[in-house]
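Please open the model in a viewer and keep the selection panel at hand. The tour proceeds by selections, each followed by what is to be found there.

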Amino acid sequence: MLSSYFAAGSIVTQEASPSFEAAVSQSVSLLVESGKAQANYVDEVLESLKVLGPYFVIAPGLALAHAKPSDAVIQPGMALLKLATPVASGSANDPVSLIFSMCSPNANDHLDMLGDFGELMSTENVMNSLLNASAQSVIAEILFKKRFN
Amino acid sequence: MLIYAVCGAGIGTSVLLKSNAERALSMLGIEAEVKAVSIEEARGTNKMAQVVLATPEILDQLEGIPAEVIAINNIFDLGELGEKLKATLS
């Protein structure tokens, strides 16, 4: 279940963000605040963004910020920052309003999590519903499959 | 046939790309092994895949590798994945 990877308080909605980098930093910080990763994981993700560009903007309007498994990761986790006003990342999928982040301590512990995530996001209407949702409670319902079965 | 799904870290985007490519391939009735790998693994391997799937931003990192490289914009769109795989494989 996807819900087991999102700690309480790790879905945040807000009006806007000053930059894509700031939004990524904020989203990954939710993983740190919920005990999924240590603070330097934020730096690792930002470094990856700097070196490789916004390759983790993987669908129209959606980013999945992450870095390689490292000692900075405590356990597999996900978080989401939803912006009401989307931000430009430099990707073909701009502008971005759903900034997911994820972490995993190794190459295996998160495969169920991503399997559930990928299946959900490929389900018809889920992506549009998430892009259009503004309330934290509605987003949680969509992600945790209380709306689409 | 071997297909690589590539991302910067080899654990996130590539894993999602792999699972959706597998679903698209099975809908097309094409048998292939899809492996999620990092950019370094895709560049450094001896057992080269015939086809490489990646998001557009990392294409220049994959320049020169001896495989057909396909850029996928929306990795959750099984339609896009299926069409591009079909066009390349047939």
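Begin where the two chains meet: in this predicted model, helix 3 of chain A and helix 1 of chain B form a right-handed crossing. Select residues 13-28 of chain B for helix 1, and display its axis together with that of helix 3 of chain A; the two axes come within 9 Å and cross at roughly 60 degrees. Helix 3 of chain A is therefore oblique to helix 1 of chain B.

Next, show the side chains at this crossing. From helix 3 of chain A, select Leu111(A), Leu114(A), Gly115(A), Gly118(A) and Ser122(A); they meet Val15(B), Leu16(B), Ser19(B) and Asn20(B) of helix 1 of chain B. Coloured by residue class, this helix-to-helix contact comprises four nonpolar and five polar residues, with no charged ones.

Now widen the selection to the whole contact between the chains, to which chain A contributes 27 residues and chain B 19 residues. On the side of chain A that touches chain B, the elements giving two or more residues are helix 2 (40-52), strand 2 and helix 3 (111-122). Helix 3 of chain A gives the most to this side, with six residues. By class, the side of chain A that touches chain B holds 17 nonpolar residues, nine polar and one charged.

Turn then to the sheet of chain A. Five strands make up this open sheet in the order 1-4-5-3-2, with mixed pairing. Select strand 1 (6-14) and strand 2 (57-59) of chain A: these stand at the edges with a single partner strand each, so one side of each has no neighbour in the sheet. Neighbouring strands here are turned by 20 degrees against each other on average, direction ignored.

Add strand 4 (residues 77-87) of chain A, which runs parallel to strand 1 of chain A and is joined to it by five bridges. To locate one position in this pairing, select Phe6(A), whose bridge partner in strand 4 is Met78(A). Across strand 1 and strand 4 of chain A lies helix 5 (residues 136-143), running at about 130 degrees to strand 1.

Finally, move to chain B, where four strands form an open sheet in the order 2-1-3-4 with parallel pairing. Its edges are strand 2 (33-38) and strand 4 (68-71) of chain B; each has a single partner strand, so one side of each is left without a neighbour in the sheet. From one strand to the next, the twist averages 25 degrees. Select strand 1 (residues 2-7) and strand 3 (residues 51-54) of chain B to see a parallel pair joined by three bridges. There, Ile3(B) has Val51(B) of strand 3 as its bridge partner.

Definitions and conventions:
Residues are numbered from 1 along each chain as its sequence is written. Chains are lettered from A and ligands numbered from 1 in the order in which they are written. This is a predicted model: local features need pLDDT of at least 70, side-chain atom pairs count only at pLDDT 80 or more; totals for chains, interfaces and linings use all residues. Two strands pair if DSSP finds at least two bridges between them. Axes are lines fitted to C-alpha atoms, for helices over the stretch in contact, and angles run from 0 to 180 degrees between N-to-C directions. Two residues are in contact if their C-beta atoms, placed from the backbone, lie within 7 Å. Ala, Val, Leu, Ile, Met, Phe, Trp, Tyr, Cys and Pro count as nonpolar, Asp, Glu, Lys and Arg as charged, and the others, Gly among them, as polar. Angles under 35 degrees count as roughly parallel, over 145 as roughly antiparallel, 65 to 115 as roughly perpendicular and the rest as oblique. A crossing is left-handed if the near helix is turned anticlockwise from the far one by less than a right angle, and right-handed if clockwise.
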